[in-house]
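Me: I'd like a close look at a single part of this protein, and then how that part fits in with the rest. Could you walk me through it slowly?

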Amino acid sequence: MSIIHLAGGCFWGLEKALQDLPGVISTECGYANGDPHFVPDYMLVCSGKFGYREAVRVEYDPSTVSLEDLLAAFFYLIDPTQERRQGNDVGIQYQTGVYWSDPDSENIVRRVFAEQSPMYPEFHTEMGPLTFWSPAEPYHQRYLDRNPGGYCHIPMWKMEALRGLMAGRRRSGRFVQL
């Protein structure tokens, strides 16, 4: 099993979009790469003073889904031209990013970013090692499952389309360019 941490704006929608993809074993909403001197809570994170990103810890089976495919899904869901925001959500905690914890993942992330960034007039998605992780409060875990009409910057049609695209990738065995 492998793990990658993805920050795609509000973690509710990103978790919902990724949780049922083939090969994803588990997801967890949390706070990445902020000041390690605090155990963050949502209010501390929303203050913007400590550099945390709302992120999703994704545990996946690389024999079923590749990191490249998960990153293709990630870039399908986010707008990498936005700095410190996604949709109506504005603030440092909504900065998009990809955070790795092993050298193999780092090499793949760097390669995918080198391929993705020239495709946009501006590119503000950050990448780097995971330096800190704290799970979000239970209230935030699987939020959109419990609140199906809840706010999300990622449209439900896009989440459904992604599931179909990834299922097609699984059947064909090819990397899908989303």
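Reply: Let's go straight to helix α3: its buried residues are Leu67, Asp69, Leu70, Leu71, Ala72, Ala73, Phe74, Phe75, Tyr76 and Leu77. "Buried" means under 20% relative accessible area, while exposed is over 50% and partly exposed lies in between, using a 1.4 Å probe and protein chains only. The helix covers residues 67-77, and 10 of its 11 residues are buried, so α3 is largely enclosed by the rest of the structure. Helices here are DSSP runs (H or I, at least four residues), strands are E runs of at least two, and both are numbered from the N terminus.

Before going on, keep in mind that this is a predicted model: local features need pLDDT of at least 70, side-chain atom pairs count only at pLDDT 80 or more, and totals for chains, interfaces and linings use all residues. Residues are numbered from 1 along each chain as its sequence is written, and side-chain values use heavy atoms, with hydrogens and water left out.

Now for what α3 packs into. The largest nonpolar core has 43 residues, and Ile4, Leu6, Val58, Leu71, Leu77, Val98 and Val109 touch the most other members. The largest share of this core, 8 residues, comes from α3. A nonpolar core is a set of buried Ala, Val, Leu, Ile, Met, Phe, Trp, Tyr and Cys residues joined through side-chain atoms within 4.5 Å.

Leu6 shows how α3 is tied in. Leaving out residues up to four places away in sequence, Leu6 touches Leu14, Leu18, Ala55, Val56, Val58, Leu71, Phe74, Gly97 and Val98; a contact means heavy atoms within 4.5 Å. Apart from the largest core lies another one, of 5 residues, including Ala32, Ala55, Tyr99 and Trp133.

Two of those partners of Leu6, Leu14 and Leu18, bring us to helix α1. It runs over residues 11-19 and is mostly covered, with 9 of its 9 residues buried. Besides the two leucines, the buried residues of α1 include Phe11, Trp12, Glu15 and Lys16.

Zooming out, the protein has 6 helices and 8 strands, and from the N terminus the order is β-α-β-α-β-α-β-β-β-α-β-β-α-α. Of its 178 residues, 49% count as buried. Among contacts between residues at least 6 apart in sequence, 75% join residues at least 24 apart. Finally, the C-alpha trace spans about 45 × 35 × 35 Å along the principal axes of the protein.
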